[in-house]
Amino acid sequence: MDEGSKTVKAYPTKAFFVKMLTRDIPLEDAILDLLDNCVDGILRTKWSNGIPQGIENPYEGYYAEITLDKSKFTIVDNCGGIPRNIAEDYAFRMGKTNFQDENLPTVGVYGIGMKRALFKMGRNSEILSKTDTDCFKVKIDSEWLENDGEWELPLEELESCELSETGTSISVTSLYEPISAWFDNKANVEKLREIIQHHYSIIISKGFRVTVNEVSIHPVSTMLLADADFDKEALAPYVYTANIDGVDVLLEVGFYRDRPDIEEVEAEQKSRRSKENAGWTIVCNDRVVVHKDKTRLTGWGEYNVPHYHSQFIAIAGFVIFQTNHAEKLPVNTTKRGLDASSLLYLHVKEHMRRGLKLFTDYTNTWKKDRVKEREVTSKAIPKDLFEIKEDIPKDKWKEVPGSKYAEKVFKPILPRPQIKNPRKHIAFSRPETEIRAVSEFLFGDPGMPAATVGEACFERVLNEIK
């Protein structure tokens, strides 16, 4: 610098970091960031070379316990703790630099998750960590947050550790007023449990235990219907596998349940409840980043694929991305959404649309003969995604032509309706009192479904004709 020249201040303020890091992230996502850190701890301490294939429950024996109320938030785990060198050089910095976690199947890329969660909730935080070799405590308080000239945090070594197992305890107090009110609302706490259930379902199903205010979270199903016979017309998912630039991909789409009857379709149009399990779920390194999506984001309503409709409530799809290089995953900075412009995702999305179109066409083909369709697909049973993949005979897979990647596809031969004596749908409406009267006359029960009453009337007349 030239003699006599002056400088201007260009260093950041902590208020800027706190406001910008926390502004656009929902509170639930901030808490999920802390759960991500727990799982990263398991990977770092137990599976530092990656989870071997064939290990069904790699997270067995590990837990995270969340406790919250209007005055305090706490998360305690037994996931190995924060190694001293990572705590000193990386864990508390505003951003991530290169270190050993880069070769683990995590979803963290930017190194802001824990700090963002703490800053989102309150002004005073305490992080206690115990590893096999040491125990320490780090505090972030209001005084530090307001001091732009001090960026280092004191690390207190502890000879006697409060934690009984190797792991981490994080507590936040002096909660901001909106956060305190949110935690004090029972409906919000239940909503948090549901979000954890959706986004952590696969990890929980692999042995990880999560509780919120002492209530355990249980996984949701990730199964699709499949017939055991792949050599004939039978119900089975469309399956695509690939390794693209070091990322393993598994895609499956099909029916997760029997297709709905007319009454269920009509009921679904009035309520959102019955379609909760339909749509696409996208998983990155065991974390669900998109849950049951039914929009253009996952191919609905694009090109020749129809928009989501009530008649498609039995269709579900899953895409699972797995890699030790988190920066290659198609996730955004919140880790709870897709980077829809990712070349990897755009490539895989082509197969999402193809599989989706196969089953929307199938649904339309059988629209007028649901009874017969259920007869010919009755042997299909719910199966785990990975079980379906392994059950497919090798000669039924087809290589993707012209691909520079290792890609293959299984396209099922779905049953088709017979056209010799096609079925026709009968639909009419009558006053509810009349339907109940006929139901009482035929079944001795006035509460039978309208479709059942109508079908019984038709059968009765047909039997008289015969």
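**Exercise 1. At what angle do the axes of helix α13 and helix α14 cross, and within what distance do they come?**

Before starting, note that this is a predicted model, in which local features need pLDDT of at least 70 and side-chain atom pairs count only at pLDDT 80 or more, while totals for chains, interfaces and linings use all residues. Residues are numbered from 1 along each chain as its sequence is written, and side-chain values use heavy atoms, with hydrogens and water left out.

Step 1. Locate the two helices: α13 covers residues 432-443 and α14 covers residues 450-465, where helices (H or I, at least four residues) and strands (E, at least two) are DSSP runs numbered from the N terminus.

Step 2. Take the axes, which are lines fitted to C-alpha atoms, for helices over the stretch in contact, with angles running from 0 to 180 degrees between N-to-C directions. The axes of α13 and α14 come within 10 Å and cross at roughly 60°.

Step 3. Classify the angle: under 35 degrees counts as roughly parallel, over 145 as roughly antiparallel, 65 to 115 as roughly perpendicular and the rest as oblique. The crossing therefore makes α13 oblique to α14.

Step 4. Add the hand, which is left-handed if the near helix is turned anticlockwise from the far one by less than a right angle and right-handed if clockwise. The crossing of α13 past α14 is left-handed.

Step 5. List the residues that meet, with contact taken as heavy atoms within 4.5 Å. From α13 they include Ile 435, Val 438 and Phe 441, and from α14 they include Ala 450, Val 453 and Ala 456.

**Exercise 2. Describe helix α2 and the way in which it packs against α4 and α7.**

Step 1. Check the length, using an expected span of 1.5 Å times one less than the number of residues. The 20 residues of α2 (residues 27-46) should span 28 Å, and because the end C-alpha atoms are 29 Å apart, the two values agree.

Step 2. Consider how far α2 is covered, where buried means under 20% relative accessible area, exposed over 50% and partly exposed in between (1.4 Å probe, protein chains only). Of the 20 residues in α2, 17 are buried, and the helix is mostly covered.

Step 3. Turn to α4 (residues 113-121), whose axis comes within 8 Å of that of α2 and crosses it at roughly 140°. This angle makes α2 oblique to α4, and the crossing is left-handed. Among the residues of α2 that take part are Leu 27, Ala 30 and Leu 34, which belong to a group meeting residues of α4 that include Gly 113, Ala 117 and Met 121.

Step 4. Repeat the steps for α7 (residues 186-199), which packs with α2 at an angle of about 50°, the axes being 11 Å apart. Here too α2 is oblique, but the crossing past α7 is right-handed. Glu 28, Ile 31, Leu 32 and Leu 35 are the α2 residues that meet α7, where their partners include Leu 192, Ile 195 and His 199.

**Exercise 3. Which residues touch the most other members of the largest nonpolar core?**

Step 1. Define the set: a nonpolar core consists of buried Ala, Val, Leu, Ile, Met, Phe, Trp, Tyr and Cys residues joined through side-chain atoms within 4.5 Å.

Step 2. Name the residues, which among the 60 of this core are Tyr 240, Leu 251, Ile 282, Val 319, Phe 321 and Val 348. Helix α10 (residues 343-365) supplies the largest share, 8 residues.

Step 3. Note that another core lies apart from this one, with 51 residues that include Tyr 59, Phe 73, Ile 75 and Phe 183.

Step 4. Follow Phe 321 outward: leaving aside neighbours within four places in sequence, its contacts include Val 247, Ile 282, Leu 329, Leu 344 and Val 348.

**Exercise 4. Compare the settings of Asp 245 and Asp 286.**

Step 1. Recall the general expectation that most residues other than glycine have a negative phi.

Step 2. Read off phi, which is positive in both cases, near 50° for Asp 245 and near 75° for Asp 286.

Step 3. Place each residue: Asp 245 is in the loop between β10 (238-244) and β11 (247-255), while Asp 286 is in the loop between β12 (279-284) and β13 (287-293).

Step 4. Finish with accessibility: Asp 245 is exposed because its relative accessible area is 52%, whereas Asp 286, at 4%, counts as buried.
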